[in-house]
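Student: Could you take me through one part of this model closely? I would like to look at the second chain, and then see how that chain relates to the rest.

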Amino acid sequence: MTHSNNSNKLLHEVATLLALCMEGDIQPEQFDHLQTLLRGNPAAREHYYRLLAMHATLQETESILALQNDLSKTPYDQELWDALSVEEQTATAIEIPLVKQPEEIIQHVERKKIPFAFSKSSRFTFAASIAASLLIILLLRFAPQPIVEVATVTNSINSIFSDNKPYQPGTRLARQDDPLWLQKGVIEIEFDYGASVVIEAPAEFKLNSEENISLLSGRLYAHVPDRSKGFMVETPNSRVIDLGTEFGIKVDFDGTSALHMIKGKASLFSGSRGQTGQGQILTAGQARHVDSKGDIQTIQMRENEFARTLLPDQGIVWRGQDFDLADIVRGGSGLGTGKSGIGIDPTTGNSISIIRPQDLHGQGEYTPVSFSPFIDGVFIPDGGHGPITVSSEGHQCTDCPDTDGFFRYEIISCPQMVVDPNRYKSDDPRPREEQLMLMAMQEGYPSRLMGLHAAKQKPGPEDTSLLLHANMGLTFDLQPLQAMLPGGKIVRFSALFGIAEVCPEPSDLDLMVLVDGRTQLKKQDIAHPNLVDIQIELSESDRFLTLMVTESGSNSLGGLNAALDWGLFLNPKVEIE
Amino acid sequence: MNYSYKELKNTAGWNMDNKDKLISVSDSKSFLSLLRRCQTQIHTYILCQVPNRNDAEDILQDTIVVMLDKFSEYREGTSFLAWGIAIARNKIKSFKYKNRNSKMIFDDSIGRLLEQEASKNPEFFQDESRVLKGCVEKLEPKHKRYLLLRYEQDMTYREIGRQFNVSMQAVYKMMTRIQLSLLHCVRLSLQRESSL
């Protein structure tokens with residue numbers, strides 16, 4: 001064998017071993033062999049280094065391949081291949097491990113065929129050479145851009161695209177040359193490398209690869225798990241490279257963009273690909289705007305601006321906001337969708353739409369609620385005869401106060417508080433509270449209630465409240481709430497509690513908050529102007545959250561006093577992180 | 001951490017006599033243009049030590065993030081490449097430590113031998129990227145398509161196989177053939193240039 005043949009053989013061997021190594025397919029014995037070659041053979045090292053350098057050059061130097069897209073015009077150098085075939089014939093065979101194609105389909109997914117897109121030049125060539133059938137066959141084989149599927153539609157709510165195709169969940173999406181225009185609705189797309197994005201109409205975007213998307217206009221929220229670090233969103237004037245995070249990007253029609261970091265960190269570069277620009281690393285809570293000149297400015301973070309998770313069953317999107325328990329009592333999902341009712345009858349567990357003024361007595365039984373998956377049940381607490389049940393799973397409250405079982409009205413959600421506490425008339429001889437109470441009654445009591453006696457801040461239209469007269473108890477089921485949000489975690493229950501301002505001042509009451517039957521908070525003799533700032537930490541394993549308002553045992557007026565015990569939870573929220 | 005030029009020169013032992021050695025930094029805007037000039041070399045350096053494309057790209061990404069993060073510490077007048085390589089070296093070290101039980105990690109002696117290989121021809125990268133473009137142009141369209149899928153679309157050999165509906169063995173064979181033809185072409189072109 002000649003020297004040249006030996007050299008070719010070595011070159012071929014090194015190239016194949018390197019390729020196996022790069023692709024992660026190399027076997028241990030092949031790896032050892034490569035190490036031995038590199039350690040002991042300078043020629044092998046030289047070949048190896050050259051190949052590596054070429055690999056990096058092809059990878060990093062965009063212009064080398066970027067200008068090669070028009071493939072039909074380029075010359076084909078037969079001489080080059082002839083030279084190579086000689087090398088190849090003299091090369092040794094290297095075993096390439098047979099790797100089984102992995103089972104891709106875990107569950108049945110309907111895959112959508114996307115028609116081949118021809119490049120401009122190949123279309124022209126195609127038409128010009130229509131007669132030459134042989135040539136046509138060759139062109140068909142080589143000219144079309146390969147269809148590379150890179151992502152799957154995972155959720156969609158009322159989404160309509162300009163091409164009128166139905167992008168149902170399960171639809172596979174290919175890399176595109178032309179952008180998709182989402183005209184209506186919201187869509188969630190999961191990339192094959194693990195990142196997922198929620199895009200809200202109106203938006204124009206283009207999938208570039210399994211880890212790259214261009215957002216030309218509109219709003220996009222990205223969830224990027226650790227294993228998919230490096231996911232990139234390109235906009236007309238910036239690029240965001242994710243480092244394992246969640247963030248939202250908004251691109252305006254003038255091409256300027258804004259990045260809001262919700263979790264983790266990412267690097268932001270101004271300027272489009274290939275242009276020089278500024279670079280910054282953003283961490284959670286920071287937001288930046290990139291203007292038309294490519295300058296980066298700090299802006300106010302907006303946490304709830306982006307649709308983050310789609311809840312197609314409810315037909316709604318989650319924007320990172322907390323769950324409002326007052327909305328759940330109205331029959332909603334906690335995101336402002338409750339419209340059907342205004343409260344719950346504490347004896348039947350039914351949703352009510354009219355408040356019936358009534359003074360009743362209950363027996364302390366636990367009544368399951370069926371109209372909302374998020375409410376487990378209701379009860380009239382009376383601990384005088386021992387522990388009482390506070391959940392459908394039989395959790396018991398052992399330190400429930402002894403009450404006379406009296407209650408008034410129902411469990412009421414007050415969506416808005418529009419009775420202005422300052423509207424009372426100073427020339428009216430009746431006390432302010434009484435005036436307000438009467439006013440509220442006249443105006444459709446009690447949906448147009450109410451703030452707290454002592455709250456420093458006047459409630460606004462954004463605030464909500466939940467009214468529990470003594471003696472009433474209500475248990476929420478947190479499990480279905482948690483299940484709706486695979487990306488979020490319930491961490492806390494919070495509310496401000498006190499005496500409703502329509503209540504005459506001598507009133508006082510007791511408050512208990514329980515989690516799975518365990519007492520987390522017990523406050524007695526709460527009277528004007530006391531306020532309780534409730535902050536109960538919750539973990540993923542916590543399921544039943546019980547709120548219980550009872551008459552204060554300390555008051556000598558007994559039942560008469562209980563008739564005035566309006567406990568109000570201002571902004572009762574289950575907080576999500 | 002600040003790196004003095006001397007420290008960097010000593011630590012790198014790399015392609016230090018590159019023309020890009022002395023770069024003045026006026027402001028942070030220059031980061032990307034500096035990076036573009038030496039990213040290929042940093043990538044090659046990482047590949048020499050960690051010859052798996054995904055691992056190498058992860059390390060490169062982490063390196064760039066640190067470079068960007070510490071860009072204010074980069075000292076004007078020193079070699080940006082050497083500074084980047086010093087950062088990459090730390091990243092490689094922690095990668096190797098994390099994967100110390102893997103059998104597929106080169107021992108350090110090979111990395112050093114390859115660094116020597118690199119220092120033989122400091123002009124290599126400029127020369128190569130100049131002639132490589134011409135060589136790619138000479139390829140048959142189909143073979144160019146393979147390169148585009150591999151380097152532009154970042155597809156694995158397995159994905160390329162699926163794309164062309166051929167076995168993985170066929171892709172290995174084809175890619176090796178293409179790379180060797182390019183290597184051959186680069187050599188030939190450089191020889192022709194020097195004989196002119």
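**A close look at chain B**

Tutor: Among the contacts in chain B between residues at least 6 apart in sequence, 72% join residues at least 24 apart. Please keep in mind as we go that this is a predicted model. The secondary structure of chain B comes to nine helices and zero strands, and read along the sequence the pattern is α-α-α-α-α-α-α-α-α. Of the 196 residues in chain B, 42% are buried.

Let's begin with a pair of helices. Two packed helices are described by the angle between their axes and the distance between the axes. For H2(B) and H3(B), the axes come within 10 Å and cross at roughly 145 degrees. The crossing in which H2(B) passes H3(B) is right-handed. On the H2(B) side, the residues that meet H3(B) are B:Phe31, B:Leu35, B:Ile42, B:His43, B:Ile46 and B:Leu47. Their counterparts in H3(B) are B:Ala56, B:Ile59, B:Leu60, B:Thr63, B:Ile64 and B:Leu68. By type, the residues of this contact divide into 10 nonpolar, two polar and no charged.

Next, follow the chain to H7(B). The buried residues of this helix are B:His143, B:Lys144, B:Arg145, B:Tyr146, B:Leu149 and B:Arg150. What covers these buried residues of H7(B) includes H6, H8 and H9 of chain B. Just after H7(B), the backbone has a feature you may like to inspect: B:Asp154 takes a positive phi of about 60 degrees.

Now we can turn to the partner chain. In all, 65 residues of chain B are in contact with 61 residues of chain A. On the chain B side, helices H2 (30–49), H3 (53–69), H5 (108–120), H6 (124–137), H7 (141–152), H8 (157–164) and H9 (168–195) each supply at least two residues. The largest share of that side, 13 residues, comes from H9(B). The residues of chain B that touch chain A divide into 30 nonpolar, 19 polar and 16 charged. H2(B) and H3(B), the pair we started with, are thus among the helices that supply residues to this side.

The nonpolar core links the two chains as well. In soluble globular proteins, nonpolar side chains tend to be buried together. Here the largest nonpolar core has 114 residues, and those touching the most other members are A:Leu18, A:Val197, A:Ala222, A:Val240, A:Leu259, B:Ile46 and B:Leu182. B:Ile46 is also one of the H2(B) residues that meet H3(B). On the chain A side, A:Ala222 touches A:Ala195, A:Val197, A:Phe231, A:Val233, A:Asp242, A:Glu246 and A:Phe247, leaving out residues up to four places away in sequence. A second, separate core of 58 residues includes A:Ala495, A:Ile499, A:Leu511 and A:Leu547.

For context, here is chain A. Its secondary structure comes to 11 helices and 33 strands, and buried residues make up 42% of its 577 residues. Of the chain A contacts with a separation of 6 or more, 58% are between residues 24 or more positions apart.

Some of the strands of chain A deserve a visit too. Strand E7 (residues 238–242) of chain A is joined by five bridges to strand E10 (residues 265–270) of chain A, and the two run antiparallel. In that pair, A:Arg239 stands opposite A:Phe269. E10(A) also runs antiparallel to strand E11 (residues 279–283) of chain A, again through five bridges, with A:Phe269 opposite A:Gly279. A:Phe269 therefore has a place in both pairings, as A:Arg239 faces it in one and A:Gly279 in the other.Lastly, six strands of chain A form an open sheet in the order E20-E21-E27-E32-E29-E30, with antiparallel pairing. Strand E20 (366–368) and strand E30 (518–527) of chain A stand at the edges with a single partner strand each, so one side of each is left without a neighbour in the sheet. From one strand to the next, the twist averages 15 degrees. Within this sheet, strand E29 (residues 508–515) and strand E32 (residues 544–551) of chain A pair in the antiparallel sense over seven bridges, and A:Leu514 stands opposite A:Thr546 in E32(A).

Note on methods:
Residues are numbered from 1 along each chain as its sequence is written. Chains are lettered from A and ligands numbered from 1 in the order in which they are written. This is a predicted model: local features need pLDDT of at least 70, side-chain atom pairs count only at pLDDT 80 or more; totals for chains, interfaces and linings use all residues. Two residues are in contact if their C-beta atoms, placed from the backbone, lie within 7 Å. Helices (H or I, at least four residues) and strands (E, at least two) are DSSP runs, numbered from the N terminus. Ala, Val, Leu, Ile, Met, Phe, Trp, Tyr, Cys and Pro count as nonpolar, Asp, Glu, Lys and Arg as charged, and the others, Gly among them, as polar. Two strands pair if DSSP finds at least two bridges between them. Axes are lines fitted to C-alpha atoms, for helices over the stretch in contact, and angles run from 0 to 180 degrees between N-to-C directions. A crossing is left-handed if the near helix is turned anticlockwise from the far one by less than a right angle, and right-handed if clockwise. A residue is buried if 20 or more other C-beta atoms lie within 10 Å of its own, exposed if 12 or fewer, and partly exposed in between; C-beta atoms are placed from the backbone. A nonpolar core is a set of buried Ala, Val, Leu, Ile, Met, Phe, Trp, Tyr and Cys residues joined through C-beta atoms within 7 Å.
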